[in-house]
Each structure stands twice: as structure tokens, then as C-alpha cells.
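Me: I would like a close look at one part of this model, with its surroundings added afterwards. Please keep the terms defined as you go.
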Amino acid sequence: PHHPSSPTHTNIPRCPSYPLITPMVQFEPLTSNATSSILSQFDAQRLIQRLAPTQLSKIATNPFHSQSHCISQLNLQAHLNFQLQQFEFITEQFLSEDQCHVLVHELITLECWKEKIAPLIWPELVRFSEVSFRPYFTYYHEATIVNLLEFMFYNDEILKTEQMQDVLVDLVDYCYRKMTRLLREDLPPIEKPTKEQMLGESASDQFKKSVQQVEFNVQMGTLSIFRYITDILGDLPPSVLSRILDTHDMILTMVYIIEKAPWKQRGPDGYYVFQNNQWIKAKPEDIHKVQQHEAQVWLAVNNLLCDRESTRKYEYNNYRKDTVLRLTKYLHELLLDQIPVLVDTQKHVSQLQIMNPPASSESKMLYIEQISQIRNQLLKEDFETIAQEQAQELFKPLSMDERREETQRFASMFDHLADLGVDSLDGSGGLGGDTEQVSLKK
């Protein structure tokens, strides 16, 4: 995507905040001999046209992994287009085919599988993870989709399509669930386990840690997705805006996230920041530098507090007022210098401080609330029956042809990662080196 021309901006990493394939990969800037294409524009169009929602019972099956591989290729090509400053045809094809809603459906379905079915077949998943990549990549498929959505939502036209508008309630609910888990759960450890510690861990513990790391990456990615949704508050259906402001009260959720600051934690030798999907020791002069995820949260707060439609519909009470006022201590000069548009947020908070909780400017009306259609439909499934079927069918020993196909598929992926500048496999890295000037327009 082209860089915005607004004179008011700050440097924030453009590429999504976690790796494309595995949290054991770190990317470096592309070399001059990097390939210019993983998919042609025609191949991308063909793959996008073939995308279809996966049934809950089909998660982790061969058709699921085939579609997962296609989405990974599309994700890789989107990042490659950006790094090589080529025409970003992946986003354009999703826009023209109006297929982005399929990715949202995949997210909700996979999340439901992880919550309701995976715990019932956990021992089988652990055993199979010792001989195959499939269990891990089943979980990581969610991170891949979040990664791709985070990239494509930079073009807000995708969010305005008719099909996407129909699933925005589901997507907002999804973001809210991930954010509440981010607030509830402990941050992943800074220190990497030693070889002795890894050898002493059971297969179940190792797989569980991998799954937890993927989940944390997904949670952090939803901060960007939600920020992009708040960029178009004026174009959201009333049911979606009501979901954000009233049902979930995500203004307060943003305040809690700013207070927890999951992108930063103190280590044994100083502060560490979560950057490019790994914990990096912050230099003393960079401790107060705004991080990518922090900036996305503040921009979402600015949108929610200062947008005319949001301000008109958000009804304050004493608790809401007191919670929003807790932002005051964070709106200092160092932050405003880096994100100048937060002057509007500071002004709003200052005005709120001297006011009694204002009543909503809208008269009380009867609203028919839209429900999360995708998730509600999934929750009607028979989870125990699906789990029994998957336990019998998914974990059979792979044939030689299946192993060869799986090996070739993953080898091809890692070849493409090498083209994107993979430098090391010793840490949970992500895309590095590339930044963009993200617009901070009022």
C-alpha cells in the first residue's frame, strides 16, 4: 500500500507483529537476489476465488491444511509485494472478489475448535505433534489469518464491503475475546529456555508453550485489527458501533490494556519490549519510545473518544468517567511528541475532568441487536461427537505419500521464508527492518 502523505505521522513498523510461519523465525531486510514472486496475480486470484468457509468438523483435516497452505502463500506474497515495493495485488484481489469475510469465518471457526474440541483430544494432539507438523500448524493457522487481515485492513475499503459489514459483529466480538484474554493471562516469559530445560520438558509441556506463544501473538495482532475498525466508525453499521461502545464497552478495555502495557515488561537486567514478535532488551534511551502495539491502542482510543458519532452515542456514568480519567497520567509530553493527534484525546479527557457525567445526547430507543451469527451457529454443534470422530480419523500414521507431500509443502514454505530474508531460527522473531509512516491524521 502507498504511504500516506499526511505531514503528521510517526514511524511504526508496517509489517505485522508476528512471524508468518513459525515463532522461531526472524526476518531481515530483503537481499537483492530475493525472488520477486511466490504467486502470480493470476494464481492469487484463482486461490482467492476457491477459498470457502471450513466446517468445524473439518478443522485439522487434509482439506483444511490445503486451504491453510493457500492462505499462507497469499500472506507471504502480500508481504513480499510490500517489501519489494510492488503492486499489492493480494489486497486488491480480495477486494474485487469480496472474499475477506471467508477469512473472518475461518478465524471464528478455528477459535471455536481450539476452545471446545482441542481440549477433548489434547493427548492425541500432543502425541501426533512428535511426528508431524500438523497439530502446530493447525493452531498457527489462526495467527496466519490475523497476520493477513492486519496487513489488508490498512486499506479500509475492505472493511466497507457488503460481505465484510455482515461479519463485523463477529470480528468485533472476536477482538474483544482476545483482548480480555490478553488482560487476564500472564505475559510470556522473556528468557528463552536452555537446552537442558527443553530436554527436561515433556512433549505436552513443549507443545503447550508453543500454543501459548501463538495465542499471545494473535492477541497482540488483534490490537491492530481493532484499531483499523475504529478508523471507520462513521461507516460502521449501528449494530457494530453499539457492540463496541455499549455491549463490550471497548473504550474501557483500551484503558485497561494501556495500564497493563503487554508490549513491555521488566526483566532481570532491565526493560524488554515486544517487537517483531520477540522480547528485545530496550536501550535506556528507547524505554519511553512508543512501540507499535502501544501506538495502535492509542490510535484506537483517539478514534473512540474523539469521533463525532462515537461521542454522540457513548453515555458516561461515574465509573466510565473515572476509568477514562486514568488516562491522564499517560498523556504526557513524551507521548504527545510521538503521536501528535493525541492532543485531541488529552483535550477530551481534560474536559471530562471538569464535567459531571453527561447524559447521552440521543433519546432512549428500542434497538434490535445483531448477534454473532457465525459463532452462535458453531456453538450448536455436537463437540463430543466431532472430537470422537477426529480422535479416530486425524491421528492415524501418515502414509509415505502423505509424509512426502507434507514435507514438500513445508519445505516450499521455508524456501519462501528464506526469500523473505530469514536469518536465524533461534528466537521468536518476526518481520524486521521494514517500517512505514503510519498516518496519524485527525
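In which sense do strand 4 (residues 270–275) and strand 5 pair, and over how many bridges?

Reply: Strand 4 and strand 5 pair in the antiparallel sense, over four bridges. Two strands count as paired if DSSP finds at least two bridges between them, and strands are DSSP runs (E) of at least two residues, helices (H or I) of at least four, numbered from the N terminus. The model is predicted, so local features need pLDDT of at least 70 and side-chain atom pairs pLDDT 80 or more, while totals for chains, interfaces and linings use all residues. Residue numbers start from 1 along each chain as its sequence is written, and side-chain values use heavy atoms, without hydrogens and water.

At the residue level, glutamine 275 stands opposite glutamine 278 in strand 5. Strand 4 also pairs with strand 3, again through four bridges and antiparallel. One bridge places arginine 266 across from tyrosine 271 in strand 4. The connection between strand 3 and strand 4 is a hairpin of two residues.

Together the three strands make an open sheet in the order 3-4-5, with antiparallel pairing. Its edges are strand 3 (264–267) and strand 5 (278–281); each has a single partner strand, so one side of each lacks a neighbour in the sheet. Neighbouring strands are turned against each other by 35° on average, direction ignored; the axes behind this are lines fitted to C-alpha atoms, with angles running from 0 to 180 degrees between N-to-C directions. In strand 3, Gln265 and Gly267 are on a covered face, whereas Lys264 and Arg266 are on an uncovered one.

The surroundings come next. The chain holds 19 helices and seven strands, and 53% of its 442 residues count as buried, that is, under 20% relative accessible area (exposed is over 50%, partly exposed in between, with a 1.4 Å probe and protein chains only). Of the contacts (heavy atoms within 4.5 Å) between residues at least 6 apart in sequence, 86% join residues at least 24 apart.

Phenylalanine 153, Trp113, Met164, Leu171 and Ile244 have the most contacts inside the largest nonpolar core, which has 120 residues. Such a core is a set of buried Ala, Val, Leu, Ile, Met, Phe, Trp, Tyr and Cys residues joined through side-chain atoms within 4.5 Å. Beyond four places in sequence, phenylalanine 153 touches residues including Met164, Leu171 and Tyr228.

Serine 224 lies in helix 9 (residues 203–230). With 0% relative accessibility, serine 224 is buried; its contacts, leaving aside neighbours within four places, are Glu150 and Gln296.

The structure also has twelve aromatic pairs. In one of them, tryptophan 113 and tyrosine 139, the ring centres are 5.7 Å apart and the planes at 65°, so the pair is edge-to-face. Rings of Phe, Tyr and Trp (its six-membered ring) pair with centres within 6.5 Å; planes under 30 degrees apart are stacked, over 60 edge-to-face, the rest tilted. Tryptophan 113 in helix 4 (residues 100–116) and tyrosine 139 in helix 6 (residues 134–152) are 26 residues apart, and both are buried. Phenylalanine 133 and phenylalanine 137 form an edge-to-face pair as well, with centres 6.1 Å apart and planes at 90°. Phenylalanine 133 is partly exposed at 46% relative accessible area, whereas phenylalanine 137 is buried at 12%. Ring pairs join Trp113, Trp122, Tyr139 and Phe207 into a cluster.
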